[in-house]
Amino acid sequence: MSKKSRETIPLGCFGNKRNELKLLLPIIEPQLNEKSIFVEPFCGSCVVSYAVFKKNKIKFHINDLDENRINFYKNMLDEEKRNELYKLEKE
């Protein structure tokens, strides 16, 4: 997996929308402003939320039935836990 893919998709997921971003972002982004909060009801790989955040720096909320996936993303908000993951990746 390339470095760019890892930055875009921290957790892979069957059916992720990475290939559809070029179609989705032009629909989503015109609707955004500095007060927007993007809501992704089925986060999966979070590729859409991450792309919207990375380009527009707005807040977002994610949801998924997979509690482990949600806990992973919550942990990634903590810099210490992120660094722990990066260290494990290198090993």
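Modeller: Let's start with a term: a residue counts as exposed when its relative accessible area is over 50%, and as buried when that is under 20%. Keep in mind that this is a predicted model.

Colleague: Thanks! Which exposed residues sit on the face of α4 turned away from its buried side?

Modeller: That face carries E67, N68 and K74. The buried residues of α4, a helix spanning residues 67-75, are R69, I70, F72 and Y73. Looking down the axis of α4, you find these buried residues within an arc of 155°, so they line one face of the helix.

Colleague: And what do the buried residues of α4 pack against?

Modeller: They pack against β2 (59-62) and α5 (79-90).

Colleague: How should I read the spacing of buried residues in a helix?

Modeller: The general idea is that an α-helix has 3.6 residues a turn, so residues three or four places apart point the same way. Now take α2: L21, L25 and I28 are its buried residues. Down the axis of α2 they fall within an arc of 70°, so they line one face of the helix. Turned away from that buried side are the exposed residues K22, L23, P26 and I27. The cover over the buried residues of α2 includes β1 (37-40) and α3.

Colleague: How do α2 and α3 cross?

Modeller: The axes of α2 (residues 21-28) and α3 (residues 47-56) come within 11 Å and cross at roughly 55°. The two helices are therefore oblique to each other, and their crossing is right-handed.

Colleague: Which residues make that contact?

Modeller: From α2 come L21, L24, L25 and I28, and from α3 come V47, V48, A51 and V52. By class, that contact has eight nonpolar residues, with no polar and no charged ones.

Note on methods. Residues numbered from 1 in each chain as written. Predicted model: local features only at pLDDT ≥ 70, side-chain atom pairs only at ≥ 80, totals over all residues. Heavy atoms only, no water. Axes fitted to C-alpha atoms, helices over the stretch in contact; angles between N-to-C directions. Helix = DSSP H or I, 4+ residues; strand = E, 2+ residues; numbered from the N terminus. Parallel < 35°, antiparallel > 145°, perpendicular 65-115°, else oblique. Left-handed = near helix turned anticlockwise from the far one by under 90°. Contact = heavy atoms within 4.5 Å. Nonpolar A, V, L, I, M, F, W, Y, C, P; charged D, E, K, R; others polar. Buried < 20%, exposed > 50% of the residue type's maximum accessible area, 1.4 Å probe, protein only. Arc of directions from axis to C-beta.
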